[in-house]
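Student: Could you take a close look at the aromatic rings in this one with me? I'd like to see how they sit and what surrounds them.

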Amino acid sequence: MRLSIFENRSWGQQLGLQTIKMSLGHIPGPVHVLTYRKRWFGDLYGACLQEGLRGATAWSKGEVELFAAFVSKLNQCVY
């Protein structure tokens with residue numbers, strides 16, 4: 001049995017997700033994960049994710065984003 005990550009959203013989250021879907025044509029998976037049970041999971045996971053990606057590094061945020069976009073292009077991922 002799979003959990004549905006598309007249910008139990010507040011109206012604000014639903015509006016935000018619809019806005020993203022209208023602008024991109026789809027909702028990226030990480031956005032679904034970070035908004036799923038936000039107070040129970042999303043906020044803590046997001047903080048850990050930011051620390052892991054942007055924590056102890058000498059790179060600026062711009063350099064990290066540029067490198068991520070480059071790797072995504074090489075992997076032919078939608079970024």
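Tutor: Sure, let's start with the whole protein: its accessible surface comes to about 6,900 Å², and carbon and sulfur atoms make up 64% of that. Such areas come from the Shrake-Rupley method with a 1.4 Å probe, and for residues only the protein chains shown count as cover. Keep in mind that this is a predicted model, where local features need pLDDT of at least 70 and side-chain atom pairs count only at pLDDT 80 or more, while totals for chains, interfaces and linings use all residues. Residues are numbered from 1 along each chain as its sequence is written, and side-chain values use heavy atoms, leaving out hydrogens and water.

Now for the rings. Searching the whole structure turns up one aromatic pair. It is W59 with F67, edge-to-face, at 5.4 Å centre to centre and 70° between the planes. Rings of Phe, Tyr and Trp (its six-membered ring) pair if their centres lie within 6.5 Å; planes under 30 degrees apart are stacked, over 60 edge-to-face, and the rest tilted.

Are these two buried or exposed? W59 is partly exposed, with a relative accessible area of 45%, and F67 is also partly exposed, at 44%. Buried means under 20% relative accessible area, exposed over 50%, and partly exposed in between (1.4 Å probe, protein chains only). Across the protein's 79 residues, 15% count as buried.

As for confidence, the mean pLDDT (the predictor's confidence in each residue, from 0 to 100) is 79, and 85% of the residues reach 70 or more. Where pLDDT is low, the predicted coordinates should not be read in detail.
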